[in-house]
Every structure is written in C-alpha cells, then in structure tokens.
Amino acid sequence: MSRMHVLSTYQWRTLLRLPLDDKIPTMLDVGAGDGFVTESAAPLCTEITATESSYALSWRLWWRGFKSIRTGDLRGSGLCKNQYDVVACLNVLDRVDHPRQLLHDLKASVRPEGKVVLAIVMPFCPAVMGPGGSRPPAERLPVPGCCDGSKNNSWEESVNAMASRVLIPAGFQVDALARVPYLSHGDNRRPLYSLDDAIFVLSINHEQKPANLTGTAGNNGTHSRVTASTNANAAKRVRLRAPRGASGGQTDQKAGKNGAETSVYCQPCD
C-alpha cells in the first residue's frame, strides 16, 4: 500500500482544539490501513486502537505499535460501548456498502462528550472495492457527487448535502470543518495523487433524536428519497460558498502547448 497523508499532528491538535499540554486518553481509528496516517495522531494520544479488515494491514498496524483489531464490524467486535474519547474514520465512509450503519456504529463507539473525525473525498463519489474492481455501494446516500450526473456537484454542494442530509439527521452536530489535500504516492502515470478531503469534526447532539432515514436511488444516483423524523433544527444547513472559478470534479491539470489538459481521476460509480 502506498503512503498517504491526510492531517499533520499540528492539524489534528488544531481541529480538536487540544491544549498543548493535553493528550487524548483513548482513540479509535477505523479502517486505519497500514497505520501511516494514524502515526500523525499518535503523539497526541495515550492509547490508539486501530481496526482493519485485512490480515496483512492489521499485522502492519501491530508492527507499528498500535493495538490492532482485525475486523470490519465494529459492533460485532464489541467496540460500540461509548468508550473512546476520539473516533477517527478517514476516507472509509465512501468505501463501504452501508455508510449509515457505519455512522451509527461510530456514534456508539465514542464517549458521550467525545469527538468523531470523518474524512471524506469531495465531490462525493462512493465505490466499494472488491476482487473484480470497484462497484457502487449497496446503499446510496443523498449526496451529489462527481459521477451522478448532478449539476450541483461541487465540493461545497457535496459538503452541504453530507452535513444537512446525512450527518445532522444521524444525530451529530458539526463542530469544525476543514478542506485538506489527501495525498498518496503515485504510479507510472502520475508521481503524486491529490484529492480534496472534507474533514468533519463531529460531536453527538444529545438534544436530537436520530432520524429514521430511508433512501432509494436510481442507477445514476440522481433520484433519492429521504424520509426523516427530526426536529426543525436538524435540517439546518452548513452553508459554504464555492470559490470563484471552482470546479466540481477532482482533477489533475497539465499545461501543454494547446492549453490545459484536464483529466478526472476519481473512480466512476457506474
């Protein structure tokens, strides 16, 4: 697995508003990969538990010194006991079949006054990786993305929809939001891959009952129906403005003799 970068140690501290002399007693990193991204949070934590479904990656996490649990099921592994001060789930929500169940389990893993840190590549373009390549997830969230044919598929529109249609109805409140580059080593086509991550720092909204959400989507994901039994405050949007000249896709641009060549390299859903 190639090395990846999401947040520096300083960025972790800033987003979590952690005083210089304080440490996070317990942290759970869900889908931690080989642990390279987890290591940036390690100086701020007393104990980190990391999960991975892959045997090889789980071993690598253990080798790096983390408490490693090989699992793809938080609830089945006994981790949903509201026992962690911080729960991180970086670039996993868009790679699972049932993202709402994952959010429910993340909420059940963190302490009542703890924080959940989500990293999601935006514009939203979910795909589940398998032996035969990638495929659309079994459950589609009502979030516009770069491969669903929607016109409102900018980074900002995807973030707004994720917050207002998914995270807030799930019983979270957004405490902080950041836009950071998600970097990974390249291959024979590119020396470096860079995507735009949205970092959500979430806490549990104890005054709101989680929504009862159901969703249906067509093949292109553009026809979604969401039924939510929430109060009016739960639908409040985290509104962002798109910077002038911003585009909706994840692109890599190369300037040639005939102008800029743009290629979209996010994984198509269909």
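Six bridges join strand β2 to strand β3 (residues 45–52), and these two strands run parallel. The structure described here is a predicted model.

**Strand β2 and its partners**

Within the pairing of β2 and β3, D29 stands opposite A50 of β3. Strand β2 is also joined to β5, through three bridges, and this pair again runs parallel. L28 has V87 as its bridge partner in β5. Six of the seven residues of β2 are buried, so the strand is largely enclosed by the rest of the structure.

**Nonpolar cores**

The largest nonpolar core comprises 34 residues, and those with the most contacts inside it are L106, L118, M122, M162 and F200. Two or more residues of this core come from each of the elements β2 (24–30), β5 (84–90), α3 (99–109), β6 (110–121), α4 (155–167) and β10 (192–204). Helix α4 gives the largest share, seven residues.

What does M162 contact beyond its neighbours within four places in sequence? Its contacts are L93, I120, M122, F124, L141, V143, L167 and F200. Two of these, M122 and F200, are also listed with M162 among the residues with the most contacts inside the core.

A second, separate core holds 30 residues, including A41, A88, V180 and L195.

**Accessibility of selected residues**

Three residues with computed relative accessibility are set out below.

| Residue | Relative accessibility | Class |
|---|---|---|
| C45 | 7% | buried |
| C89 | 1% | buried |
| E113 | 67% | exposed |

C45 is classed as buried because its relative accessible area, 7%, falls under the 20% cut-off. C89 is likewise buried, because its relative accessibility is 1% and the cut-off is 20%. E113 counts as exposed because its value of 67% is over 50%.

E113 is found in strand β6, an element that also gives two or more residues to the largest nonpolar core. The C-alpha atoms of E113 and Y84 are separated by 9.8 Å, while the two residues lie 29 residues apart along the chain.

**Cysteines and disulfides**

How many disulfides does a search of the whole structure find? The search returns zero. A disulfide would be a covalent bond between the sulfur atoms of two cysteines. C45 and C89 are both buried, at 7% and 1% respectively.

How values were computed: Residues are numbered from 1 along each chain as its sequence is written. This is a predicted model: local features need pLDDT of at least 70, side-chain atom pairs count only at pLDDT 80 or more; totals for chains, interfaces and linings use all residues. Side-chain values use heavy atoms; hydrogens and water are left out. A disulfide is a pair of cysteine sulfur atoms within 2.5 Å. Buried means under 20% relative accessible area, exposed over 50%, partly exposed in between (1.4 Å probe, protein chains only). A nonpolar core is a set of buried Ala, Val, Leu, Ile, Met, Phe, Trp, Tyr and Cys residues joined through side-chain atoms within 4.5 Å. Helices (H or I, at least four residues) and strands (E, at least two) are DSSP runs, numbered from the N terminus. Contact means heavy atoms within 4.5 Å. Two strands pair if DSSP finds at least two bridges between them.
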